[in-house]
Amino acid sequence: MANVSVAAEWQLLGDRYYRKPELYRPMRWKHIDLSRNKVACAPFGGPIALIRDDSKIVQLYAESALRKLRIFNSAGDPIADTVWKNPGGRLIGLSWTEDQTLVCIVQDGTVYRYTIHAEPLKPNFSILGQEYLDENVVECVFWGNGVVCLTDTCKVFSIADFKSNDPTPVRLADPAPVGIEELPHCVAVIEPQYTMSGNVEVLLAIGEEVVMVEEDEVQPLPLPPGDGPLQKMVVSGNGRFVASFTHDGRMAVYSTRFEKIFEYHCEADENLRLIRSSLPEAVEACVDAAGHEFDVLRQRTLLRAASYGQAFCSNFQRDRIQEMCKTLRVLNAVRSPEIGIPFSIQQYKLLTPSVLIGRLINAHKHLLALRVSEYLGMNQEVVIMHWACSKITASLAIPDAALLEILLDKLKLCKGISYAGVAAHADKNGRRKLAAMLVEHEPRSSKQVPLLLSIGEEDTALMKATESGDTDLVYLVLFHISQKRQPLEFFGTIQARPLARDLFVTYARYYRHEFLKDFFLSTGQLQEVAFLLWKESWELGKNPMASKGSPLHGPRIKLIEKAQNLFSETKEHNFESKAAEEHAKLLRIQHELEVTTKQAIFVDSSISDTIRTCIVLGNHRAATRVKTEFKVSEKRWYWLKIFALATIRDWDALEKFSKEKRPPIGYRPFVEACIEADDKGEALKYIPKIADPRERAESYARIGMAKEAADAASQAKDGELLGRLKLTFAQNAAASSIFDTLRDRLSFQGAS
Amino acid sequence: MAQIPNLDNAPLNFTSLREQTQKELINILKNIRGKKCLIIDPKLGGSLSSIIQTSLLKEHGVELRHLSADPIQTDCIKVVYLVRSQLDLMKYICSNVHNDVSKGLQREYYVYFVPRRTVACEKVLEDEKIHHLMTIGEYPLYIVPLDEDVLSFELDLAYKESQVDGDASSLWHIAKAIHKLEFSFGVIPNVRAKGKASVRVADILNHMQAEEPVNSQDMVVPEINTLILLDREVDMVTPMCSQLTYEGLLDEFLHVNNGSVELDASVMGVQQEGKKIKVPLNSSDKLFKEIRDLNFEVVVQILRQKATAMKQDYTEMTTTTQTVSELKDFVKKLNSLPEMTRHINLAQHLSTFTSKPTFLGQLDMEHTIVEAQSYDICFEYIEEMIHKQEPLVNVLRLLILFSITNSGLPKKHFDYLRRELLHSYGFEHMATLNNLEKAGLLKKQESKSNWLTVKRALQLVVDDTDTANPNDIAYVFSGYAPLSIRLVQHAVRSGWRPIEEILKLLPGPHSETKRGRFASSTSFDTLQGASANIDKVADGRRSLVLVVFIGGVTFAEISALRYLTAQEGMAYDLIVGTTKIVNGHTLAETFVEKLG
C-alpha cells in the first residue's frame, strides 16, 4: 500500500474528501461467500455474524444441510458458532445491539438473542403482541438498540430498547387506513434520538408515496412527483437525510421531511489537496493524520515527520506526539487480525478506553485487556474480575484448591478487588467450596458476611461479623440464623458468642419478649427470667385497665412471687429474692391501706413514702405496722417521722417524739426539719440539744443567730469555722458576699 | 445570639465538616418534592440544633414535628421521618403508620436513618408489615462540632449500652466517625488507647483502614498527629465529682443542652411572667470564651473587676471632656455590655445554688471520698442521704464514687445500702441497682482497692491549688486533678510506657500503635518536646492531638485540656471528641430504670 500514491486514495464527495481503506486483506475466513448469507456487522469494529440465507436457493457444497450461525471478528477470525435450530420459520433479520448482543428475528416474530460467543440469551420473547400471533414478519429494520418490524398485513411493531429489562413491543399506527393490497416497497427508520417526539419514526414507501408512521399517527410526506415508487431508502447517520433509489435508477437525497436536496452523479475528482501552511499547523496535521491512519508504516512516517518538525516549533505541545503514540499503540494492538477490532480513532475516542476494555474482556482477550489497562493507567479490577469469573466457568475440571491458587495468583495483582464478587460467581457455578475459600480472602466484612450467609457458612459469617465490630452485620447474621435454625440450636449458637447474644437480647427486649424468656430459660439464666417477670408486673401496673386497688393486683403479685422463686434458685441472687418477697408484701399492705383509707395513693410508692403518708394522714398505727413488717431501722424511722411531722407542722407531736427517748440520730434532724418547714422558732427548741458544738454553731448560723453561732464555734475551738462564720455575717447583705463565702468553702485546703 | 457555634477559629476545618452535613440534609429534603411533614426524634433534633437553623428547614417546605406515639397531625401527604437507628424509636413509627392505615389515610412515608439504616430497625418495620410502605434512606451524621475544639458523636446512651447491655454498636459508630475525619485530615499516625472499649475502637479503626483505606499516597503530613482514646470506665471518679469551673457549674445546675441553657426569663433580667429563654453558650461569645474554663470563684472576681472598670469609665465619661478617639474606645467597650450583663446574671443565679449548705456539704464529702481516708464518715453520710430521701441521682453519684474508690463495698454494707435504697426510693430500682452492678459502678468488694496507689502515683490530690493562677489542672475541681486528664498528660508527653504499672491498676487493657506510613518508623516513638518540631504542620501551626472519650466527657475535663493546650512548652493543640457531654447527673441517670 505504501507504494501507491497516498493522495490517490482520496475522493471528493460534496465538500469533503473521503477514502475507503482496506483494513484486512485477505479476510482470515475461508470459503465465505457473502451473497449466500445473511450478514450482520456490528459497528465500531465489532463482530460479524453470518448465517446461510434461507430465502435464497443456494447450492450446498460439502456442508451440512443444518444451518450454522457463525460469528467472526472484523478480521474474519472465527469467534464461535452454533447450529441454528430455532423454530418460528424463516430468519427475517439479524443485527447487533450497542452492547454487542446479536438479535435475530424470525417469521413468527420470535426474537432470539446471542452473545458474541454464540451462547443463547434467555428468555426469548415475541415482537408481536399477544393478539397478533398469526401475523408474519416480512421485514425488520434495526437501529442502535431497537427494531421496527413490518408484518404481512402491513402492521408495524417496534421495540425501543432490547437492553431494558422488559422489552415490550409497541404497535404503531397502521400505515394505510384501508386494507391495502400491496406491501410497502421499502422501509427506513429515523432513530428516536433524531425525532421531535423522542419515539421512533418509520418511513414507508407505499405505492408512489412515502408515509411517516408514528405510534399514533400516519403522515404522508411530500415526495416530488415522478420520484416514486422508491425502491430503497437509507437514513443518514445524523438522521437528517434520506438517500433513496427512485424507480428509474436515480439516487435522490431528501431531508427527512422529503424536500429534495440534490441529485448526484458520481464524478471522480482526484486533485491533490495542497497544504500550504505554517509549520506548527503542519506538525499538528501530521500528528492528526497519523491518528487517522490505519497503516502502521504510514503512522510511523507521519509521526517521524511531526517529531522532526516539532523541533523547530517553540510552542508546540510536546506531549501531543507522546499521547498519540500511546493511543496508536493501543489501536494497532486491537486492530491486529487476531483481535480484529478495527477501531478508528474517532470511534475509540467516542467509545472511551473503558468501553474498549469491556469489549476486549467480553471477547475473552483478557491478557490484552490487562496490558492495555495497565498501559493506560486504568484500574485493572474489571479485567481481573472478569477473567477470574470466566476462568471459573471454564475450569470445571480443575479441583478447588488448584483453581484457588491460580485465581489468587492473579487476584492479588489488584488491591481492593472484590473477592466476594468472584466467590459469588463460583457459588453460582455450583462451586460452593471454592466460594468459601475465596470469600475468606475478602477484606471487606460488609461484602464478605452476606456472601458467607448465601453459601450457607453461617458460623463463619457470625465470626467474621463479630470480628468486624459492625453490629449491623451481626444482626444480619442473627436474623438469618434465627430463621433457619430451630430455637434451641439458635440459642446454643449465640450463647457461645457474647456480642451476638447481647445484641439478640437487646433486640428481643423490645420486640420478642416471649422468645427472650425461652432463651434465658433454655440457657439456665433464671435470674434474667425473674427480672423479665418482675418487669412484666410493672407493665401490668401501668395498664390503664388496672385501676389502683383493683383485683389486678392479684396477677401482679403472682408475677412478683414467681420472680422471687426464680431468684431464690441461685445463691447469688439472695438479695433480689428477698427484695421481691418484700415487694410482694408491700403491694399487699398498700392494697389494704387503700381499701381502709379509701384513698388510692399508696400502691407503687416506696416503703419510706408509705410510712410518711401514713404519718401525714395521722395513721400512726399503720405507720408503725409498716415499720415492723419491713424491719425499718430506728435511724430511718426517726428521719421519716421527724420530716413527716414537720411537713404537717404538728409541732407538739414532734416535740413529744423528740422526748420519747434519746433520738438515735441526735437532734440535728429536728433542727433541719424545722428550718425546712421555715419555722426558725421551732428549730431553736432543738439547737441547744445538739451535742457537737460545731454542728450547733452551724445550726445557729443557719437561722441567723450570729452571736450564738460564734459562741458555739469558739467553744469548739475551731478558728477556721469561726472565721468563716464571721465572714458570712459581715457581708450577709451584699449579694456579692456569697461569692466570698464560696471561696473558703469551695477550696478543699480549708476543709477540716 | 446564634446557637450554632462559630467554628472559624477551629484548629481543623470544622466548618467544611458542618457545611457538608448541612448540605446532605438539605439535599434529602430537596429530593422529596413539595410540602412535607418532617418528624424528628427529639434527641436528634437537639443535636441538629447545633448544625442547622430550623428556619432553613422550613424554607424547604417542611412542617416540623417531634416523634411520639401520638397520631401524626398534618395535612401533608408526604411524611419524612428523620430518626436515629435506635430500636425503641421504631415502635413510634409503627404506631403512627398503623394509626394512619386504620383511618384510611394514604400517605407517602420516608424514613431516613441516622447515621445509617440498620437491619434490626428495618426488621421491626418488616415484622409490623409496614416496611413496604416506606422509602428508606440514610443521613450519615456521625459527628457534630459543638465548638472550636469539641466534636460530639451524639451517642448519649453509649456508656450504658456498652457497659450494661453489651451492645457495642456505639464503638463501630465512633470508629467510623474517626475514620471519616481521617478522610478529611489524613491517617492519624499514633493511636494510644486505654480501656476495653478504646482498644476495641482502635481495632475497628484499623479494620476500617484495611477495608476502605484513606488514600495515603499524597504525602501530606496528617493534620492530626495522635489519637488518644479513653474509656469513661477508666475514670468514673471524675464525672461523679461536682465540677467547679464556670461552664461545669452551669451544666451541673442548669443543664447545658446542645450548647445552651434554658432559664426563666426573669433570671436574665427580662420581665416576662413564666417565660423561658435559651442562652447560647459557646466560643462565639468572647467573654464566655475567656471565662468558661476558669474556676467559678475567679469568674466572680473577674466579672466584678470588669463591672467596676466599666463604671469608672462611665463616670469619667460624664465628668470630663473627651476626645473623639476616647469616645470611640468607650463605645467599643459598651459593645461588650450585653455579654457582661448576660454572665453577671448567670453567675448571680449560679451562686444561689453554690451557697447552699447542702452543696457545700456534698463538695466536702466528695473530697473526703476521693481522699479515701475516712470510710465511716462517708458511709454514714450516704446512709443519711438515703434516709432523708435526697434526690436519688445525688445519692447514686456519691455511692458510685464511694464504691469505685473502695473497689466495691464490703458485702454487709453493700446489701444494707441497697436495701435502704429500695425501701426509700421504691422496688423499681432493683433494675437500677442491677444496671449499676453490671457496669461495675456499685458492687461487692472482692479485692483491695488500688485507689490510694493510683491517687498518689498520679498526684490526683493537689494541695495549695491557687485557683486564680493555677499551675496544675487540679484547679478545675479546686484541688482534685481529674484522673482522665492526668492520663492524657502522660500519653501526650511520653506515651504509655512510663506509666504502664499504673495503667494496669485501672480497668481495661491499653494499647499503643503506629499507623499508615509511620507504621514501621521509630523516630516518632515519643512525642517529647524535642521531636515536636517534626510534628509541626508546615504553616507553623502546632499539630493536633485528638482526645476521644468513650462514654462522655465533662466540661471541667475539657477545661483542663484547654488549660494544658494554653501552657508554654506544650507541643500540641488538644481537641476533644466525645460520645456526649456528660456530668455525674446525666451519667448516673442513664442507669436509672424508669418503670412504674
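**Figure 1. A cis proline in strand E10 of chain A.** Pro123(A) sits in strand E10 of chain A, which covers residues 120-126. This is a predicted model, and in it the peptide bond running from Lys122(A) into Pro123(A) is cis, with omega near -5°. Most peptide bonds are trans, which is why a cis one gets its own panel.

**Figure 2. A cis proline in a loop of chain B.** Here we're looking at Pro115(B), in the loop that links strand E4 (108-114) to helix H5 (119-127) of chain B. Going from Val114(B) to Pro115(B), the peptide bond is cis, and omega is near -5°.

**Figure 3. Helix H5 of chain B and what it packs against.** Which residues of H5(B) are buried? They are Ala120(B), Cys121(B), Val124(B) and Leu125(B). Look down the axis of H5(B) and these buried residues fall within an arc of 145°, so they line one face of the helix. What do they pack against? In chain B, the partners are helix H4 (87-102), E4 and strand E5 (134-138), and from chain A, H13 and H15 join in. Just past the end of H5(B) comes Lys129(B), with a positive phi of about 60°.

**Figure 4. The side of chain A that touches chain B.** The contact between the chains takes 51 residues from chain A and 57 residues from chain B. On the chain A side, the elements that give two or more residues are helices H13 (471-484), H15 (498-511), H17 (526-542), H19 (574-597), H20 (607-616), H22 (634-647) and H29 (737-746). The largest share comes from H15(A), with eight residues. Sort this side of chain A by class and you get 25 nonpolar, 14 polar and 12 charged residues. For the wider setting, chain A has 29 helices and 22 strands, and 35% of its 752 residues are buried. Of the contacts in chain A with a separation of 6 or more, 45% are between residues 24 or more positions apart.

**Figure 5. Arg649(A), a positive phi in a loop of chain A.** Follow chain A out of H22 and, in the loop before helix H23 (651-660), you come to Arg649(A). Its phi is positive, at about 50°, although Arg649(A) is not a glycine. Most residues other than glycine have a negative phi. Is Arg649(A) buried or partly exposed? Arg649(A) counts as partly exposed because it has 14 C-beta neighbours inside 10 Å.

**Figure 6. Asn258(B), a positive phi in a loop of chain B.** This view moves to the loop between helix H10 (246-254) and strand E10 (260-264) of chain B, where Asn258(B) is found. Asn258(B) is another residue other than glycine with a positive phi, here near 45°. With 20 C-beta neighbours inside 10 Å, Asn258(B) counts as buried, since the cut-off for that is 20 or more.

**Figure 7. Where domains 1 and 2 of chain B touch.** The domain assignment splits chain B into domain 1 (14-141), domain 2 (146-237 + 467-587) and domain 3 (246-354). How far apart are the centres of domain 1 and domain 2 of chain B? Taken over C-alpha atoms, they are 33 Å apart. Five residues of domain 1 of chain B are in contact with five residues of domain 2 of chain B. On the domain 1 side, the residues are two nonpolar, two polar and one charged.

Methods: Residues are numbered from 1 along each chain as its sequence is written. Chains are lettered from A and ligands numbered from 1 in the order in which they are written. This is a predicted model: local features need pLDDT of at least 70, side-chain atom pairs count only at pLDDT 80 or more; totals for chains, interfaces and linings use all residues. Helices (H or I, at least four residues) and strands (E, at least two) are DSSP runs, numbered from the N terminus. A residue is buried if 20 or more other C-beta atoms lie within 10 Å of its own, exposed if 12 or fewer, and partly exposed in between; C-beta atoms are placed from the backbone. Two residues are in contact if their C-beta atoms, placed from the backbone, lie within 7 Å. Ala, Val, Leu, Ile, Met, Phe, Trp, Tyr, Cys and Pro count as nonpolar, Asp, Glu, Lys and Arg as charged, and the others, Gly among them, as polar. The arc is that of the directions from the helix axis to the C-beta atoms. Domain bounds come from an automatic or database domain assignment.
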